[in-house]
Amino acid sequence: VALEGFELRVLHLPLVSPFTTSFGTETVREVIVVRALTSNGDGWGEIVTQADPLYSSEYTQGAWDVALRFLAPALLDRRQLAPEDVAGVLEPFKGHRMAKAGLELAVLDAALRAEGRPLGEYLGAVRDRVPSGVSVGIQHDPAALVNTVAGYLDEGYVRIKIKIKPGRDIADTAAVRDAFGTIPLQVDANSAYTLADAATLAELDRFDLLLIEQPLQEDDLVDHAELARRLRTPVCLDESIVSDKAAADALALGSASVINIKAGRVGGYLEAARIHDRCRDAGVPVWCGGMLETGIGRAANAALAALPGFTLPGDVSASSRFYTRDIITEPAVLEDGHVRVPTGPGLGIEIDPVALEDFTVARETLAR
Ligand code: OSB
Ligand code: MG
């Protein structure tokens, strides 16, 4: 595409209910929306950082600064830019993968819209809809958790993931198992444990979970391998898989037998597809994670999750799981436990300009 500029916005979207993980509680989703301005029209992307660096080292103001100060200017230095060139141009800048991913997605959307080609087709999607799992935050107590999960099961979600942390693990998981029997169930610790907690985590083995997600720290690949040997429950990595290289290392070490793929965390949808390919070749199941995306990232996640190696249901829920009002005209809905893969050009969504404006709290435009 012939890039003419980038418009970045910080949005505040109210959540339908507070979302609590082992690292904190969110009531408003703060997110950066990227618009790539090209001579053939706009493209949209989303930088999935959160307000605070609690899930990863990235956070809104850091991503905002690096994107405006370094990343967007480097891309705008190029007269012509293909989506496949973005990662290479940004490569000299260390880290900041979520910021890079949001910019790449906006360029990719612009390029595909100009070609009239859907993102799913471009990535290699083999399904027209994807099974929808839901990520359930830590509730006031196990009884409240059972109530909340019952609501999602009634809506049709095909897999439940509950957030856990020390002191809110065994009893919470037992309550959900006891209440709902053999439903597909998994837990996510968001790095809240150490290897010293292995005995506690082994107590989860009796619940026949699909997996335990990221029990240890991001850089604990060796400890995860040791823990995996001590558990019957499959270990899945989220935070640790920051790139295709990290995925290769984790598989070589035996740190994970399942991988959660999030495009933001790994620097973009192209890198995400490479991890998918690697895992598929290795016979390792993957699933698509989420970062409370707006309709922009949610559409892209549905396309990614439609690749053949995504053999487990992902955190690709309906927009209504988090938001009463989205920033696109036709937010993702749950149909028979599935979310449809958009078929229009690019992301296959239309921005709702009024909603976008209403949620914007900051904006900056860079032109070449
Ligand atoms: O660990 O998967 C995670 C949300 C924010 C940060 C980290 C995580 C999550 C979720 C929500 O679990 C997934 C979703 O968007 O539905
Ligand atoms: Mg996770």
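Reader: How are the donor residues of the magnesium ion (ligand 2) spaced in sequence?

Author: The general idea is that donors are N, O and S atoms within 2.8 Å of the metal (3.2 Å for Na, K and Ca); water is not among the atoms, so sites may look incomplete. In this predicted model, the donor residues of the magnesium ion (ligand 2) follow the spacing D-x24-E-x24-D. Asp 188 lies in strand E7 (residues 185-188) and Glu 213 in strand E8 (residues 212-213), so this pair ties together parts that are 25 residues apart in sequence. Helices (H or I, at least four residues) and strands (E, at least two) are DSSP runs, numbered from the N terminus.

Reader: Which protein donors does the magnesium ion (ligand 2) have?

Author: They are Asp 188 (OD), Glu 213 (OE) and Asp 238 (OD), which lie 2.0 to 2.3 Å from the ion.

Reader: Is Asp 188 buried or exposed?

Author: Buried means under 20% relative accessible area, exposed over 50%, and partly exposed in between (1.4 Å probe, protein chains only). Asp 188 has a relative accessible area of 0% and is buried. Glu 213 is likewise buried, at 0% relative accessibility.

Reader: On what basis should the model and its numbering be read?

Author: Residues are numbered from 1 along each chain as its sequence is written, while chains are lettered from A and ligands numbered from 1 in the order in which they are written. This is a predicted model in which local features need pLDDT of at least 70, side-chain atom pairs count only at pLDDT 80 or more, and totals for chains, interfaces and linings use all residues; side-chain values use heavy atoms, with hydrogens and water left out.

Reader: At what angle do the axes of helix H1 and helix H3 cross?

Author: Two packed helices are described by the angle between their axes and the distance between the axes. Axes are lines fitted to C-alpha atoms, for helices over the stretch in contact, and angles run from 0 to 180 degrees between N-to-C directions. For helix H1 (residues 60-76) and helix H3 (residues 97-115), the axes come within 10 Å and cross at roughly 50°. H1 is therefore oblique to H3. Angles under 35 degrees count as roughly parallel, over 145 as roughly antiparallel, 65 to 115 as roughly perpendicular and the rest as oblique.

Reader: Is the crossing of H1 and H3 left-handed or right-handed, and which residues meet?

Author: A crossing is left-handed if the near helix is turned anticlockwise from the far one by less than a right angle, and right-handed if clockwise. H1 and H3 cross in the right-handed sense. Contact means heavy atoms within 4.5 Å. From H1, Ala 63, Val 66, Ala 67, Leu 71, Ala 72 and Leu 75 meet Ala 99, Lys 100 and Leu 103 of H3. By class, this contact of H1 with H3 has 8 nonpolar, no polar and 1 charged residues. Here Ala, Val, Leu, Ile, Met, Phe, Trp, Tyr, Cys and Pro count as nonpolar, Asp, Glu, Lys and Arg as charged, and the others, Gly among them, as polar.

Reader: How do H9 and H11 pack?

Author: Their axes are 9 Å apart, at an angle of about 25°. That makes H9 roughly parallel to H11. The crossing of H9 with H11 is right-handed. H9 contributes Asp 244, Lys 245, Ala 247, Ala 248 and Leu 251, and H11 contributes Glu 271, Arg 274, Ile 275, Arg 278, Cys 279 and Ala 282. The contact of H9 with H11 comprises 6 nonpolar, no polar and 5 charged residues by class.

Reader: Where is Ser 243 placed, and which residues does Ser 243 touch?

Author: Ser 243 sits in the loop between strand E9 (235-237) and helix H9 (244-253). With a relative accessible area of 12%, Ser 243 is buried. Residues up to four places away in sequence not being counted, Ser 243 touches Arg 97, Val 266, Glu 271 and Ile 275. The C-alpha atoms of Ser 243 and Arg 265 are separated by 7.8 Å, the two residues being 22 residues apart along the chain.

Reader: What is the phi of Gln 214?

Author: Gln 214 has a positive phi of about 40° although it is not a glycine. Gln 214 lies in the loop between E8 and helix H8 (221-230), and is buried at 0% relative accessibility.
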